[in-house]
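Student: I would like to learn how to read a few features in this entry. Please start with what a database record says and then go on to contacts.

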Amino acid sequence: MKKLSARRRHPLAALVVLLLALACTGGLYAVFAPADKAQADETAQSLTIEEGKKLYTVGCASCHGTGGQGTSDGPSLVGVGAAAVDFQVSTGRMPAATSQAAQIPRKKNIYSQAEIDQLAAYIASLGAGPAVPTEEQYGPEGADAAKGGELFRNNCAQCHNFTGKGGALTHGKYAPDLEGVTPKHIYEAMLTGPQNMPSFPDSTLSEQNKKDVIAYLNAVNGEETESYGGLALGGIGPVAEGLFAWIFGLGALIAVAVWVAARTAKAKKS
Amino acid sequence: MSTTTSTDSRARGKAPAGERVADWADGRLGIYSLAKANMRKIFPDHWSFMLGEICLYSFIIIILTGVYLTLFFHPSMNEVEYHGSYVPLQGQLMSEAYKSTLDISFDVRGGLLIRQIHHWAALIFVAGMFVHMMRVFFTGAFRKPREINWLFGFLLLVLGMFTGFTGYSLPDDLLSGTGIRFMEGAILSVPIVGTYLSFFLFGGEFPGDDFVARFFSIHVLLLPGIMLGLVVAHLILVFYHKHTQFPGPGKTNKNVVGMPLLPVYMAKAGGFFFLVFGVIAAVAAIATVNPIWAIGPYRPDMVSTGAQPDWYMGFSEGLVRVMPGWEINFWGHTLVLGVFIPLMIFPLVLVAIAVYPFIESWVTGDKREHHILDRPRNAPTRTAFGVAWMTLYFVLLIGGGNDIWATHFHLSINAITWFVRIAFFVAPVVAFVVTKRICLGLQRRDKEKVLHGRESGIIKRLPHGEFIEVHEPLSQEQLYTLTAHEQPKPLELGPEVDENGVRRKVKASEKLRAKLSKGFYGEESQIPKPTVEEYKEITSGHGHH
Amino acid sequence: MSSQDIPEENLPAAQDTSHGAVKLADEQNPFADPGLPPHEPRVQDIDERAAKRSERTVALLFTVSMLATVGFIASYVTIPVDKAVYIWPLGHISALNFALGMTLGLALFCIGAGAVHWARTLMSDHELADERHPIEAAPEVRAKVMDDFRQGAKESVIGRRKLIRNTMFGALALVPLSGVVLLRDLGPLPGTKLRHTLWSKGKLLVNMNTNEPLRPSDLIVGSLTFAKPEGLEEHDHGFQNEIAKAALMLVRIQPDDIKDKRALEWSHEGILAYSKICTHVGCPISLYEQQTHHALCPCHQSTFDLADGAKVIFGPAGHPLPQLRIGVNDEGYLEALGDFEEPVGPAFWERG
């Protein structure tokens, strides 16, 4: 102790003490303060999950099982992630009326966004899965619509048609029309592969790719999309064009022909 | 000689300029003799006689707009990067053919309109030919002396289909490329020579660098050239034979009643060209056709759902879609029946209607000229055959669009395919039977009308309290029109033994012919038309009832 | 088979031959042809004011056509080619296309309508009858033609000098062969080109979307990915021909769900690599239903069960999609273990 007491008066001692004190305070803060915040978040999170579980028990458990493990009426939800929940519930597909139909259609959504978030949090807590994408991921900044077009024709058009007008699958199943589907939902669908749609995870269709696809869809199947030549006729190709040519094209011409060949009205006999 | 001099001197005199030009032309072309027969030629008035004109005029419109399009279109498959006006394709690799089609649509002012007029007119052209052919068929206008003209028309329909198909393929977009790929697969299925044909057509492996340029010369030169020749021949024969007419008072097999070419038909037919062009231009202004920019450039590893050809190829698409996938492997070879059978039925469907006139004339043994049209009901077997054929055609069209019907009517694509498979065999038979019955019913109604008069809608109460509807007798014109048709008797084989008691040999073809003849004209195939005696007995008897 | 086979009485009575002549109805035949009905005048025939009205209508139509043509030229000059407008109910459409089409349509239609209205209301509407003449030549004419032909044939001595005739037919039959031979260079012979693709042992599977080689962990169960052989780039000459054969569809299925033993063997941990080209007529097939493991062709609806060796379960395709045998190289990337063992795409005669 002698040594220590001898050096206590060293001119640099004050500096050393100050540094030590600073280090300790910083360290302590580093250890305790965030922990407090994390604890608070955790409490909020567990509350959300708790709320989500309640909603789940009421609306989902009858088909997907009380713990999300799945039953004969619905698949397991362990590991599907928040993105899948957000897509299925906010497009109204879940809860489904029946599991017997060929495909579960888009319906009116019956949950608020807060409730959907709670449900998503609960399902995400059952097993890791894709998270709900942020606006930065699906927004228009930095997107290349032309590249998106190429990606769309390679990965999506075979089911959804050139410009996303939808198409038929086997036994009454179908790929839906993508008009009016929000960018977020399109992103989630690519990410999670709802129902019979295959998934396109970031490892095979990168985040940038997904952004491009959404930009392309927005350009060719949005509300403001120009159909330069006139009526788009549903954008489904030659069947609609053929019907139009027969009914309105040839139909109009035959109507004209009837007028050309008809007898002119005769003067009434007085 | 003296007459020539005198006319010459007259022409050099005070004759108006137009006359002098005509004289000049006549001296070299003989136009006066031509005009003598044709200038006041009579054409009967009926809207259905103008269906052929719709085809003629849309053909002319297609040629006019097509020439314009060739000024801008580059029939080349060189790969280029796109940097034109359409944003969602910026920087994409595409063939020059596709790029120049984009430029026609977005950078040439009016280019889009001309492209759309060209395509709409093509769709309407083939539809018009189809309806025109059905009019000729159901009224029996194909009978002697017009069988050859029927064949010319049929060839025009087939060539029109293929000209349309090659034109649809030129822009090299994803949809047309898929169609070409299908064609390549179909050619590959041909036994023995399939692969060679495919390699020769595409200049090697699919897709290669050649097919757009090759299809271009087929589309703009070869096929339209043949069609132009056939159209001219078709029209010359129409003039030469003079038009058919519907039965009616004053109309006989030896006259043609109507209006003269000059001036009425000059104005009506000439005006109709402008009407057709005007309607098609308006259609092209309000409705998109084949928006290739939305479809994207062709890549053999990409595709879209709803991949269909234009409507006139739809029935062949149906044949291919509903065919089961039969494939036979033997001795190191493959017989691709699943593709080859539809490929063979495709021409057979068309030929079935094309040869009908010859079958009918063989069965009936009728070698006379016919210029008065049949009302379809008075030829029940022919009408039933025509409806059966159309039913087959439309069933196959449904098959060709099975995916579109599935999504729009919420049906299963598999169920539609099975429906078409069954209907392919059943529906034509049902249509035949039903149509024949309807025709006979209409014949009976005609007979009722002739014998008992027209239902006037006036209800009369008789003195003893009974209510009856007053039937008005038909006018002489109506009586004539309803009874003017002929009713041939079925062919009979005659006695099986000749006068010496020796069995006569009857050829199998004779027996078949007698059977068919009975089918055409037997008791179950026509209602005997009222006779003068029946009519007199009823009208002289208890009045109109 | 000629009409002579048919007894005369079975043919219907010849049509009325009194072409156009009015045969009045009489006691004997109430069904007789009453002849052409008398001409009835139109309003325009008897009322000069109505005729004047028609004249003005026709002139108005022609005038509207002129104005529409002026409108067409004005639209062409003033409307920018890329301007879009909203027109109910057509939607957002090109202003120029609509303006040009409508004015052109109107200009043409009015010419036609004017001409037809003129013909219908002002030109004479008296029905006239033309006589028809039989198309067959009279017997004398026929006899004369036959005589002339025989005379000509005789003078040519073709019937007598058979050698000339036969060699001429031979020469005429052979000469078109030159034209057929000329078609030979339309394309090369098929050889074995349809049997081979760019895939070979060790070629990496490159993701179509990102252009990066794929690792097994990139592909999750239920996903769908398309791959091309390493080294094939979109800008290469011949890309189209190569991708038409080499395009690959990758799916991952739980190995327990894979029913076909060979398919499982050729897969890598449930990653199955099938040709993307339909075996029916060659459409790129890729409508993959991840729950049923069925892949549907968008062109003709051939359906393949990817969990069962891509067997055909519906539609017109005749054999399964060829499978590419894959594995993982030392660096952990997916690689091909060879080319497809059978030709990809539509079947053909030499396929065997």
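Tutor: UniPROT's unreviewed entry lists "domain: Rieske" for residues 245-335 of chain C. UniProt positions are given in the numbering used here, feature names are shortened, and annotations may be inferred rather than shown by experiment. This is a predicted model: local features need pLDDT of at least 70, side-chain atom pairs count only at pLDDT 80 or more, and totals for chains, interfaces and linings use all residues. Residues are numbered from 1 along each chain as its sequence is written, while chains are lettered from A and ligands numbered from 1 in the order in which they are written.

Student: What are the helix and strand percentages of residues 245-335 of chain C?

Tutor: Helices (H or I, at least four residues) and strands (E, at least two) are DSSP runs, numbered from the N terminus. This span is 9% helix and 33% strand, with its end C-alpha atoms 17 Å apart.

Student: How many residues does each chain bring to the contact of chain C with chain A?

Tutor: Two residues are in contact if their C-beta atoms, placed from the backbone, lie within 7 Å. Chain C contributes 41 residues and chain A 36 residues. On the side of chain C, H3(C) gives the most, with five residues.

Student: Which residue classes make up that side of chain C?

Tutor: Ala, Val, Leu, Ile, Met, Phe, Trp, Tyr, Cys and Pro count as nonpolar, Asp, Glu, Lys and Arg as charged, and the others, Gly among them, as polar. The side of chain C that touches chain A has 17 nonpolar, 17 polar and seven charged residues.

Student: Which parts of chain A does UniProt annotate as "domain: Cytochrome c"?

Tutor: The unreviewed entry gives residues 47-127 and 143-221 of chain A. Residues 47-127 are 51% helix and 0% strand.
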